[in-house]
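Student: Could you go through this one with me? I'd like to begin with the aromatic residues and then move around a bit.

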Amino acid sequence: MKTLKLIPFFLLLILTSCSSVTVYSDYDKTVDFAPYKTYAYFKPGIDKVEISDLDKRRILRAIDDQMQAKGFTKSDNPDLLINIFTKSREQVDVNQFSAGWGYGWGWGWNPYMMYGNQTTVSTSTEGTLYIDLIDAKKKEMIWQGEGIGTLTRNIDKKDEKIAEFVAKILAQYPPVKK
């Protein structure tokens, strides 16, 4: 019976370990986050982000969805200003498989052992999205979330991937004080 109680825990562990986005957050521990109810975007900062306008709009739409789901309202006189920042880097993975000569399983000679080394090279783009929350009155950053994961160029999956980044980052806001 004890084993049955552990099955949901292991399923959760497996599902979370398969996540393709890793998130971190940092915040000012002296800030009370409860009074913040409205937000707007920090346009000067967002204009400087060096990604396509299409991807910017995807990110901002995803942030709107998450903030509204948390009960926030977009406002001309906001409590919070939201800024984003991105970076990316090309990642090269080299995998080498050697099935060369030497001792191994079983007895005798295997004719397939002649095929020696196999090397595969693959590339991917790893992206980082930062979401900064700034106290609009004090003009001080109070919270920062960071998401790191593999990006896609597949237009059919971009919305989904960006929404995953934003959802996982903003799931850490507001911070839970311990």
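Tutor: Gladly, and a definition comes before the rings: those of Phe, Tyr and Trp (its six-membered ring) count as a pair if their centres lie within 6.5 Å. Please keep in mind that this is a predicted model.

Student: OK, so which residues do ring pairs link into a cluster?

Tutor: The cluster that ring pairs build here consists of Tyr 27, Phe 33, Tyr 36, Phe 72, Trp 143 and Tyr 173.

Student: And how many aromatic pairs does the structure hold?

Tutor: There are seven aromatic pairs in the structure. One of them is formed by Phe 72 and Tyr 173, whose ring centres are 6.0 Å apart with planes at 50 degrees, so this pair is classed as tilted.

Student: Where do Phe 72 and Tyr 173 lie?

Tutor: Phe 72 is in the loop between H3 and S3, whereas Tyr 173 belongs to the segment after helix H4 (155-170), so their pairing ties together parts that are 101 residues apart in sequence. Phe 72 is buried, with a relative accessible area of 10%, and Tyr 173 is buried too, at 1%.

Student: What about Tyr 39 and Tyr 41, how are their rings arranged?

Tutor: Their ring centres are 5.9 Å apart and the planes stand at 85 degrees, so that pair is edge-to-face. Both tyrosines, Tyr 39 and Tyr 41, are buried, and they occupy one side of strand S2 (residues 38-41), while Thr 38 and Ala 40, on the other side, are buried as well, which leaves both faces of S2 covered.

Student: Which strand is S2 joined to?

Tutor: S2 is joined by two bridges to strand S3 (residues 73-74), and the two run parallel, with Thr 38 standing opposite Thr 73 in S3.

Student: Switching to H3, what span should the helix have?

Tutor: Helix H3 covers residues 53-69, and at 1.5 Å a residue its 17 residues should span 24 Å, which agrees with the 24 Å between its end C-alpha atoms. Its buried residues include Ile 59, Leu 60, Ile 63 and Met 67, but also charged names such as Asp 55, Lys 56, Arg 58 and Asp 64. Just after H3 comes Gly 71, which takes a positive phi of about 95 degrees.

Student: Last one: is Val 94 buried or exposed?

Tutor: Val 94, which lies in strand S4 (residues 80-98), has a relative accessible area of 54% and is therefore exposed, since exposed means over 50%. Together with Val 92 and Val 121, Val 94 makes a nonpolar surface patch of about 280 Å².

Methods. Residues numbered from 1 in each chain as written. Predicted model: local features only at pLDDT ≥ 70, side-chain atom pairs only at ≥ 80, totals over all residues. Heavy atoms only, no water. Helix = DSSP H or I, 4+ residues; strand = E, 2+ residues; numbered from the N terminus. Expected span 1.5 Å × (residues − 1). Buried < 20%, exposed > 50% of the residue type's maximum accessible area, 1.4 Å probe, protein only. Patch = residues over 30% accessible without salt bridge, like charges linked within 9 Å, V, L, I, M, F, W, Y side chains within 5 Å. Areas by Shrake-Rupley, 256 points an atom, 1.4 Å probe, with all protein chains shown as cover. Salt bridge = Lys/Arg side-chain N within 4 Å of Asp/Glu carboxyl O. Pairing = 2+ DSSP bridges. Phe/Tyr/Trp six-rings, centres within 6.5 Å; stacked < 30°, edge-to-face > 60°.
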